[in-house]
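This report covers the nonpolar cores, a surface patch and the salt bridges of one chain.

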Amino acid sequence: MFIINKRMILFEIFVVILFFCQFRLAQKQGYILLFLEIIIGFIYWIWNKRKIRMLSYPALIYFLFIIYRIVLSLLVSGGMVDNIKTILYKELGMFLLCVLLVQGCSRLPIIKRIRDFGVVVSILGCYELVTHSSIFLPYITVESRIYIQTLGTAKTRVQTIFMHPTICGVFMIITWFCVLFIPYKKNWKNYLSKFFVFLCLLGTQSRSCWIAFFVVNVLYMWKNYKTNKIYLNKNHFFHICIFLIFTVILAFIFREYIIKVFQTVVKRWLDGMDSNNAGNYNRVTMIKMGLHEWGNLDILRKIFGAGNGYAYQLLLSNPIRGWRGAVDNQYLTVLLDFGLVGFFLLIFLAGYIFIKTIRSSDSTYQFFGLCLLSMFISGFFYEMFSWITVTLLFCLFISILEQKIILCNMERDNI
């Protein structure tokens, strides 16, 4: 049964406006989103009878990470707010809004909504993969998105509503785990959903997401093996046979498209092993250049960083074969911008979540932990905190991760 939750409705409206900002109001999204975050946050605060719970340990670490970056950037820039406004609305505002949201909401409806939305997006992604066209293109007015220019060509990469294939890939990984941890009641729905999600993920051609997908699924299977959850009975054998038959039939019907996808995947991996490949060369060169720059900084800036945007300014001053679009490594960006202190906070947070996830027997913790770890892994190949969608999911999951609310077993609440 669909249960209306006033907090969820407000948050969903906020998410819709967020996507609208990305499509049409990119230059003004900061002012709009920060205003909405303050208003919605105030309403949540009133609804919660003005009570605010203590932050969980991982949420507190992330909060300190945000505050440290804001304070450092203000000190370095002489108090200029312009230098920290993106952190204010992309991270601090998002984080506080998510903290308030999860205090009065069950985690299960949130995951189910993400699951259902992700499955729909994966179907649209498969359509985009097959037709090399996007139904969202007429509504996108952000001319600077490089991958929009490749739609309809042989270089098309699935991006759906996210305007970037890597961000679409990140969301597909999360959708995959939503289906795994909260499956539909009908098995055929689960098989079909996984098929669309996996095909959409392949269509993004995002090697960073493929790597993250592989690693977190290995962790998931290892966890199940350690807890003796992997077993085979007659029903499981029957379901596997049905899945294989279904896969063979689809493979025969869409064999031409599947062969093209397979060829594309192989080509992407071969490109990944080519040192002269533009993407590989740019990333490796940026890492070398960034580490060399960090090594030349004075001791204070080595420890505390040179302020928000320093890494990107380094790239702008030293374009790599003309490339000056993005640093494409969240960890290198943090090291240069916020020094060893910021780098340690980020690594400590990732390590803490990893250890707690592999040790936890709680299925909800495993779900959120694996989703967060997939973001940390893929973040080595792009700057995840520069994307509103990823930051929103990150803030939401980090707020829920150790939420002190007793819920029913996720496996019993299937729909």
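The notes below go from the interior to the surface and then to charged pairs.

The model is predicted: local features need pLDDT of at least 70, side-chain atom pairs count only at pLDDT 80 or more, and totals for chains, interfaces and linings use all residues. Residues are numbered from 1 along each chain as its sequence is written, and side-chain values use heavy atoms, with hydrogens and water left out.

The largest nonpolar core (buried Ala, Val, Leu, Ile, Met, Phe, Trp, Tyr and Cys residues joined through side-chain atoms within 4.5 Å) has 104 residues. Those with the most contacts inside it are F11, F14, Y62, F177, L396 and F397. Helix α6 (residues 165-181; helices are DSSP runs of H or I, at least four residues) gives the most to this core, with 12 residues. Apart from this core lies another, of 12 residues, including M286 and L332.

On the surface, F238, I242, I245, I249, F252 and I253 make a nonpolar patch of about 630 Å². Patch residues have over 30% relative accessible area and no salt bridge, with nonpolar side chains (Val, Leu, Ile, Met, Phe, Trp, Tyr) joined within 5 Å; areas come from the Shrake-Rupley method with a 1.4 Å probe.

There are five salt bridges (a Lys or Arg side-chain nitrogen within 4 Å of an Asp or Glu carboxyl oxygen). Among them are these:

| Pair | N to O distance |
|---|---|
| E12 and R113 | 2.3 Å |
| D116 and R115 | 3.1 Å |
| R301 and D298 | 3.3 Å |

E12 lies in helix α1 (residues 6-24) and R113 in helix α5 (residues 107-131), so this pair ties together parts 101 residues apart in sequence. R115 is buried (under 20% relative accessible area), at 0%.

Methods:
Buried < 20%, exposed > 50% of the residue type's maximum accessible area, 1.4 Å probe, protein only. Helix = DSSP H or I, 4+ residues; strand = E, 2+ residues; numbered from the N terminus. Patch = residues over 30% accessible without salt bridge, like charges linked within 9 Å, V, L, I, M, F, W, Y side chains within 5 Å.
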